[in-house]
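The exercises below ask you to read a small protein model step by step. Please keep the sequence and the coordinates at hand while working through each solution.

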Amino acid sequence: MPSTGVPENLTPGTPVTVIGLKARDWENTFNGQTRHGISFRAVAITAGA
């Protein structure tokens with residue numbers, strides 16, 4: 001996870017609120033092997049309950 005835009009007061013285990021969460025599926029073939037997954041993107045992450 002890139003640290004750009006993540007508040008400094010967030011530490012591992014802190015409950016968070018995710019604003020504007022979007023998920024996107026992806027698929028990629030390289031050297032005959034197909035990989036797939038889901039990527040997530042959010043507008044903001046804030047400390048929450």
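## Exercises on a predicted model

**Exercise 1.** Locate Gly20 relative to the strands, and determine which residues beyond its sequence neighbours it contacts.

*Solution.* Gly20 lies in the loop that joins E1 and E2, in a model that is predicted. Its relative accessibility is 38%, and because buried would require under 20% and exposed over 50%, Gly20 counts as partly exposed. Next, setting aside the neighbours within four places in sequence, we find Gly20 in contact with Arg41, Ala42 and Val43. One of these partners can be followed through the backbone: Gly20 and Arg41 are 21 residues apart along the chain, and their C-alpha atoms are separated by 8.0 Å.

**Exercise 2.** Establish which elements make up the protein chain, and how much confidence the predictor assigns to them.

*Solution.* Begin with the inventory, which gives zero helices and four strands, so that the order from the N terminus on reads β-β-β-β. For the confidence, the mean pLDDT of the protein chain is 86, and 86% of its residues reach 70 or more. Among the elements, E2 has the highest mean pLDDT, at 96, while strand E4 (residues 44-47) has the lowest, at 85.

**Exercise 3.** Describe how E2 and E3 are joined and paired, and identify what is unusual about the backbone of Asn31.

*Solution.* Strand E2 covers residues 22-30, and its pairing with E3 is antiparallel over nine bridges. The two strands form a hairpin with two residues between them, and Asn31 has its place in this loop. The phi of Asn31 is positive, about 55°, although the residue is not a glycine. The background to this step is that most residues other than glycine have a negative phi. With a relative accessible area of 70%, Asn31 is exposed.

**Exercise 4.** Work out the surroundings of His36, starting from the strand in which it is found.

*Solution.* His36 is found in strand E3, and the residue that stands opposite it is Glu27. Not counting residues up to four places away in sequence, His36 touches Trp26 and Glu27, so that Glu27 appears both as the residue opposite and as a contact. Asp25 is eleven residues from His36 in sequence, and the C-alpha to C-alpha distance between the two is 7.4 Å. At 62% relative accessibility, His36 counts as exposed. For the strand as a whole, the number of buried residues among the nine of E3 is zero, so E3 lies largely in the open.

**Exercise 5.** Find the residues of the nonpolar patch on the surface and the strands that supply them.

*Solution.* The patch is formed by Val16, Val18, Leu21, Ile38 and Phe40, which together have about 490 Å² of accessible area. Strand E1 (16-19) and strand E3 (33-41) each supply at least two of its residues. As a check on one member, Val18 is found in E1 and has 40% relative accessibility, so it counts as partly exposed. To set the patch in context, the protein chain exposes about 4600 Å², of which carbon and sulfur atoms supply 54%, and 2% of its 49 residues count as buried.

Notes: Residues are numbered from 1 along each chain as its sequence is written. This is a predicted model: local features need pLDDT of at least 70, side-chain atom pairs count only at pLDDT 80 or more; totals for chains, interfaces and linings use all residues. Side-chain values use heavy atoms; hydrogens and water are left out. Patches are made of residues with over 30% relative accessible area and no salt bridge: like charges are joined within 9 Å, nonpolar side chains (Val, Leu, Ile, Met, Phe, Trp, Tyr) within 5 Å. Accessible areas come from the Shrake-Rupley method with a 1.4 Å probe; for residues, only the protein chains shown count as cover. A salt bridge is a side-chain nitrogen of Lys or Arg within 4 Å of a carboxyl oxygen of Asp or Glu. Buried means under 20% relative accessible area, exposed over 50%, partly exposed in between (1.4 Å probe, protein chains only). Two strands pair if DSSP finds at least two bridges between them. Contact means heavy atoms within 4.5 Å. pLDDT is the predictor's confidence in each residue, from 0 to 100.
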